[in-house]
Every structure is written in structure tokens, then in C-alpha cells.
Amino acid sequence: MSERWLLRGAEVITCDPDSADMPRADVLIENGVIAAMGPGLRADDCRVLELDGKILMPGFIDTHRHTWQTPLRALGGDWTVMDYLAAVRVKLAPAFRPSDIYAANLAGALEALDAGITTLVDYSHCIESPEHADSALEALEHARIRALFSYGYAEGARASPAFPTHESRLQDARRLRTTRLASDDRLVRMGIALTEMQIPWESSRAEIRSARELNVPITAHCSAWPVSGPSEIQQMATEGLLGPDVLFVHCTWSSEEDLKRIADSGGAIAVTPETELQMGMGFPVTGRALRSRVRTTLGCDVVSSNGGDLFTAMRLALQVERGLANARGGMPRALDLKAERLLQMVTRDAAEAIGLGRVTGSLRPGKDADLIVLAADALNMTPLNRPRDAVVMQAHAGNVESVMVRGRLVKHRGVLLDVDLPAVRRKVVETRNAVLERVGGLSMLLSDRAELDKHWDTGGGATTDDA
Ligand SMILES: [Zn+2]
């Protein structure tokens with residue numbers, strides 16, 4: 001952390017409201033913090049990175065990912081949300097042991113770093129014992145990513161001997177908050193991920209209150225399908241439980257009134273365009289949320305179905321929104337949603353949404369050096385005409401050359417540093433094999449689909465023909 005770095009000669013995109021982008025500038029980093037930015041900086045005694053032909057910008061923030069599902073990669077490429085719930089939440093989740101969670105979270109967090117994601121909200125909802133929680137947390141720490149470890153209160157499909165009551169789960173979160181996650185200054189901080197609020201309301205209320213007692217951010221799946229009765233947001237509003245510390249996920253079926261309630265409370269939304277579009281959750285709420293002035297962010301959600309990088313999520317969110325607007329209004333005279341707006345969603349707005357606005361999410365002196373270097377000299381970025389638009393419209397994860405988290409270089413010249421990647425890959429493959437074997441193989445993944453209604457009110461959603 002005592003290292004000094006001079007990053008020299010980059011095209012700098014700051015994503016900061018008070019600092020303009022700079023076509024050729026330097027960034028000085030001291031003790032993990034941005035000390036100065038500008039053209040022609042002079043500094044002695046520091047390591048220098050020459051970044052001619054590169055873009056330097058804040059690292060991305062993924063506000064919604066179930067990192068534990070990394071070993072299940074692409075199994076659900078053709079799944080609806082009901083297929084997903086039956087296969088992953090009912091069938092596969094109980095088959096994960098603590099060492100599996102570790103292998104999954106390590107590989108998943110490294111995958112995120114590799115793709116330029118320096119901060120991750122890990123919605124960790126496969127915690128069936130204190131050891132599961134400890135393993136999930138340890139892997140995030142070992143990956144050296146900045147993360148909100150959002151302790152998931154959701155009960156699995158089978159009773160857990162380690163957690164005989166709902167309260168015992170709340171108690172275990174308290175254990176972590178008073179021990180390993182007591183500090184909010186470390187790279188990995190504590191959060192709470194609520195159980196879907198279709199459980200008895202007293203339980204949801206207890207979860208929300210416990211998060212507030214622990215003084216940690218809350219995140220919650222919300223309105224991903226139509227349900228009967230008042231919405232989760234309405235219920236929370238009625239009891240005065242909304243707040244700027246709540247990050248709702250999906251909200252595809254949220255009413256305009258609910259979006260206004262979130263906006264008025266200072267809360268935020270994580271849109272996960274790829275899962276929402278695939279799984280039949282309705283259209284991403286991006287445009288409606290932005291028009292309602294809700295702080296709107298993006299997440300990858302599940303690599304068990306889709307991609308794990310935010311370049312894809314940005315482009316998909318943008319073009320779906322444009323498609324919806326064009327379908328409503330016909331041939332447009334202008335596009336309302338600008339490409340560069342998406343950058344704000346994956347940087348500064350995402351940081352604000354999880355209480356890290358002062359620490360990360362933009363490049364400015366005083367903030368931690370969470371940043372990425374993109375190959376603006378790659379063929380798919382050349383010539384570099386409008387740098388922000390090029391990042392949103394053309395760049396991909398393969399363009400991420402270097403990644404720094406709090407001033408520590410974790411990826412350089414395309415290679416993740418200080419990590420035994422063959423071992424990480426081997427472990428995640430072994431985990432995939434073990435978990436599938438425990439459920440009786442691939443052919444059994446959807447065998448409990450008919451039982452789903454016992455676990456979730458899924459609004460009587462239709463089934464797929466080929467499920
Ligand atoms: Zn999710």
C-alpha cells in the first residue's frame with residue numbers, strides 16, 4: 001500500500017461530475033489513493049506505467065451477482081425464471097458445500113476483475129451454515145476485489161441443521177458483523193441480501209430490521225414477476241422501511257408509484273438486462289427508472305445463464321431501451337438515452353448505491369485508485385473518436401489490459417497477477433463435477449420443477465414447451 005504509481009499519458013475518462021475527461025493526462029497514486037491528476041505530472045520515486053494509446057477510467061461496479069453460481073456456467077442458457085429457480089435454487093444450491101462456495105466465489109471474483117469489475121455486490125444466497133458464509137467471504141478476500149459481501153438470509157429448499165430457525169441465520173450475520181466484518185474500511189464489507197419478500201411479512205420485516213441494526217446496506221430481489229397483493233416496495237413504504245441503504249434488484253414489474261417511492265427514499269435499482277430478458281421477467285426497467293430519477297445501476301446476475309461482464313450489460317440495457325422507445329414512438333428524430341449515460345450507471349451511480357460514493361466510482365484526487373486500463377489501440381477501438389461512446393458501444397472484456405484495486409495492480413498487460421489460475425480452474429471444474437453428481441446428474445436438474453409453488457409465488461407463470 002505504500003507504493004507510488006505514476007500512470008502516464010492515457011486518455012482519461014473520469015466519470016466524475018467535477019473533473020472533465022482529459023485526452024492525454026497522468027494520474028499519481030500514493031498509498032492506494034489518487035493523489036493528483038492532470039497533464040505532465042512530475043513525481044520521483046514511483047513506478048511508472050506508460051499508457052500511450054490506452055484509456056484509463058474507473059473500474060466497473062457490478063451491483064448484482066450470485067458469485068457462488070460460477071461452476072454452473074451456461075447450464076441455464078435456455079432456462080426461464082421458473083426453470084432457473086427449480087434447477088438452481090431448489091436442486092443445486094443444497095448440493096454446495098463450503099469448499100464449493102470458496103472455489104466458486106474465488107473463480108467468479110477473478111472473472112469479474114479480469115473483465116474490469118473492481119467492485120462486486122455478491123448476493124450470497126447459498127449460505128446453509130456458518131462455514132458456507134466464512135468460505136464465501138474468504139474467497140472474495142483472497143481474490144483482492146472490492147466487494148459488498150451481502151449475506152443472504154434465504155433458506156434453502158431443505159432444512160439446514162446449522163440454522164434450525166430463521167433467527168439463527170440473523171444471528172450468524174451478527175457474528176460476522178461483530179468479528180471479521182466489523183470494519184467498514186476493508187476491501188470486503190458487509191451487506192445483507194433479503195430473502196424474496198414472498199415469505200411471511202414478519203420474517204421480511206425481521207430481516208430488514210436486523211440489517212439496520214448491523215448498519216449495513218440492504219439488497220433485495222424485487223418485483224421480477226407480477227404477484228397478487230401489495231408489492232414489496234408498497235409494504236416497506238407502509239412501515240417506513242424504505243431508505244437510501246436499499247438496492248432493489250430487477251423491479252421489472254414495479255409500478256410508476258413504486259419507482260417514485262424508491263426515488264423519494266434515495267434508494268437504488270440494479271438492472272440485470274440479460275437475465276431479465278431471457279428469463280421472462282419482463283423488460284428491463286432502465287428507462288422508466290431513469291425517468292423516475294431512481295439511481296439506476298447494472299449487474300451481471302448469474303453466469304449460470306449468461307455473461308459475466310458489464311460491457312455486455314451496458315450495451316444490452318441501452319439498445320433494449322432504445323428499441324422500446326422506438327417501438328412506442330416510431331422512427332425517432334433523436335435518441336433520448338445517450339450511450340455515455342450507461343458509464344455513469346456502472347461507476348459513480350453504482351458506488352453511491354452501495355454507500356461507497358466517497359471511496360470509489362470515479363477518478364478524482366482523494367478517492368481510492370480503483371481503475372482500469374483499456375486498449376484503445378486495439379483494432380476494435382481504432383480510431384478512437386468518442387472515447388466514452390467507444391467504451392459503451394465497442395469495447396469488450398478482452399480490451400481490459402490492467403486493473404488496479406485500491407492502488408494495487410491485480411491485472412497487468414492482460415494477465416491476472418499473483419494467482420495460481422490453473423489451480424483456480426481445476427477447483428471450479430471439480431466443484432462443478434461434485435455438485436452435479438450430488439444431484440444425480442444433468443438430466444435431474446429440472447426434476448423438481450413441478451414442486452416450485454411450494455417455495456415461491458411465481459405468479460402462475462407459463463412453462464416452456466421443451467423444459
Ligand atoms: Zn439475482
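1. In this note, donors are N, O and S atoms within 2.8 Å of the metal (3.2 Å for Na, K and Ca); water is not among the atoms, so sites may look incomplete. The zinc ion has as protein donors His64 (NE2), His66 (NE2), His221 (NE2) and Asp301 (OD), at 2.0 to 2.7 Å.

2. This is a predicted model, in which local features need pLDDT of at least 70 and side-chain atom pairs count only at pLDDT 80 or more, while totals for chains, interfaces and linings use all residues. Residues are numbered from 1 along each chain as its sequence is written, and side-chain values use heavy atoms, with hydrogens and water left out.

3. The donor residues of the zinc ion follow the sequence spacing H-x1-H-x154-H-x79-D. Distant parts of the chain are linked by one pair, 80 residues apart: His221 lies in strand β10 (residues 218–222), and Asp301 in the loop between β13 (295–298) and α10 (310–329). Both His221 and Asp301 are buried, that is, under 20% relative accessible area with a 1.4 Å probe, protein chains only.

4. The protein chain contains 14 helices and 17 strands, taken as DSSP runs (helices H or I, at least four residues; strands E, at least two). Of its 467 residues, 58% count as buried.

5. The radius of gyration of the protein chain, taken over C-alpha atoms, is 22 Å, which agrees with the value near 23 Å for a compact globule of 467 residues. That rule is 2.2 Å times the number of residues to the power 0.38. The C-alpha atoms fill a box of roughly 65 × 55 × 45 Å along the principal axes.

Technical notes: Buried means under 20% relative accessible area, exposed over 50%, partly exposed in between (1.4 Å probe, protein chains only).
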